[in-house]
Amino acid sequence: TPSLRLRWRLPAGHLCPPVPSRINYLLWLEDLLRLRPSPRADEQAPPPPLVLDIGTGASAIYPLLGSALLGWRFIASEIDEAAAEAARANV
């Protein structure tokens, strides 16, 4: 497993996510995506997945890990203003 060297800050009162389980979930999704048929020789490879993270939280952990580890693209949403501000600062 590569060293991701990620750093993020969380505002007071927000939870720190368990990173190993988040990585495992992303890798499970990657395994599922690999079940798609491979493109034919005359077809382009599909672009990296575009993931919608609803309720991303202050850490934006899925966008951080998914982009660093897998090269995926993310759209994140968050209704808590403090969490959204922290998430923007973290990415």
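This briefing covers the salt bridges, the surroundings of Glu 30 and the largest pocket of the structure above. The model is predicted. Three salt bridges are present in the structure, and the largest pocket has a volume of about 180 Å³. Arg 40, Asp 42 and Glu 43 are joined into one network by salt bridges that share partners.

**Salt bridge between Arg 34 and Glu 30**

- Side chains of opposite charge can pair when their charged atoms come close.
- Arg 34 pairs with Glu 30 in a salt bridge, and the closest N and O atoms are 3.1 Å apart.
- Arg 34 counts as exposed because its relative accessibility is 60%, and the cut-off for exposed is over 50%.
- Glu 30 has a relative accessibility of 18% and therefore counts as buried, since buried means under 20%.
- This salt bridge thus links an exposed residue, Arg 34, to a buried one, Glu 30.

**Surroundings of Glu 30**

- Glu 30 belongs to helix H1, which covers residues 19–33.
- Leaving aside residues up to four places away in sequence, Glu 30 touches Leu 70 and Trp 72.

**Salt bridges of Arg 40**

- Arg 40 forms a salt bridge with Asp 42, with 3.3 Å between the closest N and O atoms.
- Arg 40 also forms a salt bridge with Glu 43, where the closest N and O atoms are 3.7 Å apart.
- Salt bridges with shared partners put Arg 40, Asp 42 and Glu 43 in one network.
- Arg 40 has a relative accessibility of 53%, so it counts as exposed.
- Asp 42 is exposed, as is Arg 40.
- Glu 43 counts as partly exposed because its relative accessibility is 38%, a value in between the cut-offs of 20% and 50%.

**Largest pocket**

- The volume of the largest pocket is about 180 Å³.
- Its lining consists of 13 residues.
- Pro 17, Arg 22, Thr 56, Gly 57 and Ser 59 are the lining residues that lie nearest the centre of the largest pocket.
- By residue class, the lining of the largest pocket comprises six nonpolar, five polar and two charged residues.
- Among the residues nearest the centre, Pro 17 counts as nonpolar and Arg 22 as charged, because Pro and Arg are assigned to those classes.

Technical notes: Residues are numbered from 1 along each chain as its sequence is written. This is a predicted model: local features need pLDDT of at least 70, side-chain atom pairs count only at pLDDT 80 or more; totals for chains, interfaces and linings use all residues. Side-chain values use heavy atoms; hydrogens and water are left out. On a 1 Å grid over the protein atoms alone, a cavity is a set of points where a 1.4 Å probe fits but cannot get out, and a pocket is an open set with protein on both sides within 12 Å along at least five of seven lines; lining residues have an atom within 4 Å of a point. Grid points are joined across faces, edges and corners, and a volume is the space filled by probe spheres set on the points. A salt bridge is a side-chain nitrogen of Lys or Arg within 4 Å of a carboxyl oxygen of Asp or Glu. Buried means under 20% relative accessible area, exposed over 50%, partly exposed in between (1.4 Å probe, protein chains only). Helices (H or I, at least four residues) and strands (E, at least two) are DSSP runs, numbered from the N terminus. Contact means heavy atoms within 4.5 Å.
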